[in-house]
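User: Please take a close look at the cysteines in this model. I want to know how they stand with respect to disulfide bonding, and then what the small sheet looks like.

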Amino acid sequence: MQATSHYPVIVLGAGPTGLTLANLLGVHGVRTLLLERNASTVDEPRAVSIDDESLRTAQSAGLVDEILPSIVQGYGVHYFSWSGREFARIEPQSTEYGYPKRNAFRQAVLAAQLCAGLERFAHVETKFEHELRRFEQDADKVVLEIDHRGTPVTLSCDWLVACDGGRSGVREQLGIALSGDTFAEKWLIVDLLDRRTPFRHTRTYCDPVRPAIRLPGPQGTVRYEFMLKEGETAEHVLDETRLRGWIRAREPLDEDLPIARKVVYTFHARLAERWRDGRVLLAGDAAHLTPPFAGQGMNSGVRDAANLAWKLDAVVGGRCGPALLDTYELERKPHAWALIEMAMRIGRYMQPKSRLEAMAAQWALGLCSLYPPARDYVLQLKFKPKPRFAQGFFLPCRAPDTAIRAGQLLPQPRMEWPGGARRLLDEALGPGFACLAWAGRPLDPDTDRVVAAAGMRRIELVAAEDDFPWPAQPGAPGRLVVRDCGGVLRRVLAGADARAVLVRPDRYVLAFLSGAPGEAARLRELFDRYGPRR
C-alpha cells in the first residue's frame, strides 16, 4: 500500500480517550491525525461521571476552564433500602488532585469541547467520516486503508493508537482477545431532560425487587438505570408507559420529562490481553471494558491518554526509544483491572438478590459508620484504588503504604506565588518533567547534572512559615519559587524521607531524592535504559 500522507501519530476514534490524547499530543507539539468514522463527535448521552484525575488531565490539556462551567462538581451518592429509607451517604469532600472526586457531565458536551480544543493546534488534524478498512505494519511504520465516503485513502504513521471502542476493529485484526466476564444482568438506561427537582446527588436504590439508580446531571438532565429481571426482554422494558411507571415510583416529578434516550445495556468486565502490538497501541474501551457502577469507564480511558501522550512525544522526538511504550501497559493495566474489580464489588452491593442479602449489606455499612476511620474510608472514597504503579518508568523507593510513593500520582495542592496569588501546583510544573526541591537546599552535583540533562523545570519550595527569598526570583531563567502554603508537599516529602521530588509530565512521581549514595547513578541508568538507542 502506497500512502499519500505520513504522520508521526494517528489516533483512531474521536471519543473522550482519543480526543483527550489528541489534545495532549497537541500540547506536546506532536504532529497528529485524529480519524473518526462518524460525521461528528457523539451527540447522545453515554458516560455521566468525570472524576478529579480526568479534570486534572483536562487542566494539562489547557481545557479545564472551558469544561468546569458545564459540569456539576462534587456530587455524592445516597443509598436507599427496599423500603425507601436512606441508610448511607457517600459525599467526598477531598480535592487531593485539585478538583472534586465525583462530577456529573454530559458526554456530548465534553466531546464537543475537546474537539473544539484541537483547533488550537496547527499540527493536529481531525478528519471525520474516515473509516478504517484494514492496516498493516512493519518495523518502520503502520499503513492504513481508509474509506472516506466511498473513496479509498491510504495513510501511514509511525504509531497508531486505537481508541475505537469496545468492539475495536484494530484489536480484532490484531487477534488480541478480551479476558474477563460479562454480567448476566442487563440494565435499562433512560436519559431525561428538563429536570424540575434541584437535588444534585445520585440516589441508589438497593431494592432486590428492582435495583435502580437516579443520577442528576448538568443542564437539567437526569438519568435512570433499572436492572432487568431474568427473562425480561428489551421490548418489554422499553415500553414507555412501563418505564415511566418505574420512574414515577422513584420521583413523581420526573415521570413526564422528555426522554432523550432509552436503551438496554449489557455490562462487561474485560481486559485486552495485550495493549501493544509492534507500532499499534490500544487505549480506552479498546483495551478495557468497565462496568458503570463506579463511574470509571471513561475515566480509565483518560488515564490511558495521559500515560501515553508524553511517552509518544518522547519517542517521536527521539529522546527515548520505543521500549518506553512498553511501560504503558505495564503501568496502566493493573490499575485498570483494580478499578474494574471495584466496580464489580459496588455492582454486587447494589444488586442484592433477596431482602436478607440487602439487609446484611446495609447492616454492614451502618456498622462501618459507627467507627470514624471506617466511615471516613467509605465517605471519602478512600476504597478507590490508588493511582499507583507497581512497575514502570520510575525509581522505586521505600515508604510506608500510607505515604505517596514513586510511581504514584502526586497531589495537587494550591501553592502561593510571589505577590500572593494562589494557583494549583500543575501551573508551576508545566508540560514536561519537573523537579521540586526546597529553596536553599541544592541537589548534589551528580543528580543536578542528570536533572539538567533531562530538561526538567526547576521549582523551589518555600515552607508555609517562611518568607520568599529576596529578590523573589533570582538566578537562572525558568526558576520559579512557590510557597507550600498548606504544607501538603512538606508532608509528601517527609513521608518519603526526601529533600526533592521529580515529577513526570503525567504528574506521577518519577523519583524521590534523599541524597543517598548512588542515587544519581540509578536515575541515569533509568533514563539510559529507555534512551533512544533502545
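Analyst: Start with Cys435. Its closest cysteine sulfur belongs to Cys397 and lies 15 Å away, too far for a bond. A disulfide needs two cysteine sulfur atoms within 2.5 Å. The model is predicted. Cys435 is also buried, with a relative accessible area of 3%.

Now the whole structure. A search of it returns 0 disulfides. Cys320 is accordingly in none, and the nearest cysteine sulfur to Cys320 is that of Cys435, 18 Å away. Cys320 has 12% relative accessibility, so this residue counts as buried. The cut-off for that label is under 20% relative accessible area. Cys435, at 3%, is buried as well.

Next, the sheet. It is open, holds 3 strands and runs in the order 3-7-4. The pairing is antiparallel. Strand 3 covers 49-51 and strand 4 covers 72-73; these are the edge strands, and each of them pairs on one side only.

Look at the pairing of strand 4 with strand 7, residues 102-104. These two strands are joined in the antiparallel sense over 2 bridges. Within this part of the sheet, Val72 sits opposite Ala104 of strand 7.

A helix belongs in this picture too. Helix 2, residues 52-60, packs on the sheet. Helix 2 touches strand 3 and strand 7. The direction of helix 2 makes about 70° with that of strand 3.

Notes
Residues numbered from 1 in each chain as written. Predicted model: local features only at pLDDT ≥ 70, side-chain atom pairs only at ≥ 80, totals over all residues. Heavy atoms only, no water. Buried < 20%, exposed > 50% of the residue type's maximum accessible area, 1.4 Å probe, protein only. Pairing = 2+ DSSP bridges. Helix = DSSP H or I, 4+ residues; strand = E, 2+ residues; numbered from the N terminus. Contact = heavy atoms within 4.5 Å. Axes fitted to C-alpha atoms, helices over the stretch in contact; angles between N-to-C directions.
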